Each structure stands twice: as C-alpha cells, then as structure tokens.
Amino acid sequence: QVQLVESGGGLVQAGDSLTLSCAASGGSFSTYAMGWFRQAPGKEREFVTAISRSAGSTIYANSVKGRFTISRDNAKNTVYLQMNSLKPEDTAVYYCAAVPATYGHSTYSRQAAYDNWGQGTQVTVSS
C-alpha cells in the first residue's frame, strides 16, 4: 500500500494554469502506475489522465487532451498534473491514485483498478 497526498489546488480564473502535486509514501512508488481523477459537484468521479511507472506511456481523457500534462519524478515519489487553459468545467475535486503497474496499461483509465487514493484537492475555475 502507498499513501498519497495531493496539493496545489486553488481558485483560478478561466485560461489560467495550475499544477497539482501528489506525494507518495509508504510503498515502492516506481512499481505503480499513477492516475488523476476528478469529481465535479453532482457528478460521478471520472478519469483524467494516467502515467506508466517509467513515464514512458501516458493517456488522457479527451476533455483534457492538449491542455493537461501528467508527469512523475520517481526520485521524489511525486506525480504532477500540469493544467493549462483551465475552463470552468474543470472545476472539481482532483484525486491522485496508484495502481500496480503489473495490472497492465489497459487498466489505467479504470477507477476500479486503483486501490490507493489520496484525499483530493479542490480546483475551482471561475469564468
């Protein structure tokens, strides 16, 4: 098991940028693929992006492709989410999550595959 703590959320204006961080502890970070999910008010939690354990592969939801970038630093046990050109519809609580890399790339967009979750960080984008 790995413990995850997100940070970096806040209130920004449409068009602004924001970078979220997720620090991991208590486990072998480099053995996990990492994902970001989000939950907007009144909606179900949805997949945003994921990165393989070596950062060699990334996947994105269509809604954020070209605007968001996921990265990781295995030496720092941290995964990042760089969010550019933010829109009001990006307003949500953002969660990072870890899935054993051995589960395979096909699982990385599936919430049910992840069994390690952070507490979430709020991102609010005003128009």
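**Entry 1: the chain as a whole**

I began with contacts, meaning heavy atoms within 4.5 Å. Among contacts in the chain with a separation of 6 or more, 59% are between residues 24 or more positions apart. Before going on, I noted that this is a predicted model, where local features need pLDDT of at least 70, side-chain atom pairs count only at pLDDT 80 or more, and totals for chains, interfaces and linings use all residues. I also noted that residues are numbered from 1 along each chain as its sequence is written, and that side-chain values use heavy atoms, with hydrogens and water left out.

Next I looked up the overall dimensions. The C-alpha atoms fill a box of roughly 40 × 25 × 25 Å along the principal axes. The radius of gyration (taken over C-alpha atoms) is 13 Å, which agrees with the value near 14 Å for a compact globule of 127 residues; the globule rule is 2.2 Å times the number of residues to the power 0.38.

Then I checked the surface. I found that 44% of the 127 residues are buried, where buried means under 20% relative accessible area, exposed over 50% and partly exposed in between (1.4 Å probe, protein chains only). The accessible surface comes to about 6,000 Å², and 46% of that belongs to carbon and sulfur atoms; these areas come from the Shrake-Rupley method with a 1.4 Å probe.

**Entry 2: strands and the open sheet**

What did I find for helices and strands? The chain has zero helices and 11 strands; both are DSSP runs numbered from the N terminus, helices being H or I with at least four residues and strands E with at least two.

I traced one open sheet of four strands, ordered β1-β3-β8-β7 with antiparallel pairing; two strands pair if DSSP finds at least two bridges between them. Its edge strands are β1 (3-7) and β7 (68-73), each pairing on one side only. Neighbouring strands in this sheet are turned by 15° against each other on average, direction ignored; the axes are lines fitted to C-alpha atoms, and angles run from 0 to 180 degrees between N-to-C directions.

I zoomed in on β1 and β3 (residues 18-25), which pair antiparallel over five bridges. Here valine 5 stands opposite alanine 23 in β3.

**Entry 3: strand β11**

I followed the side chains along β11 (residues 121-126). Thr121, Val123 and Val125 point to one face and are buried, while Gln122, Thr124 and Ser126 point to the other and are not.

I then looked for partners of β11. Strand β2 (residues 10-13) pairs with β11 in the parallel sense over four bridges, and glycine 10 stands opposite valine 123. Strand β9 (residues 92-100) runs antiparallel to β11, joined by three bridges; valine 93 has glutamine 122 as its bridge partner.

**Entry 4: aromatic rings**

My ring rule was this: rings of Phe, Tyr and Trp (its six-membered ring) pair if their centres lie within 6.5 Å, with planes under 30 degrees apart stacked, over 60 edge-to-face and the rest tilted. The count comes to five aromatic pairs. Phenylalanine 37 and tryptophan 117 have ring centres 5.0 Å apart and planes at 55°, so this pair is tilted. The two sit 80 residues apart, phenylalanine 37 in β4 (residues 32-39) and tryptophan 117 in β10 (residues 116-117).

Tyrosine 114 and tryptophan 117 are also a tilted pair, at 6.0 Å centre to centre and 55° between the planes.

I finished with accessibility. Phenylalanine 37 is buried at 0%, tyrosine 114 is buried at 4%, and tryptophan 117 is partly exposed at 24%. Phe37, Phe47, Tyr95, Tyr114 and Trp117 form one aromatic cluster.
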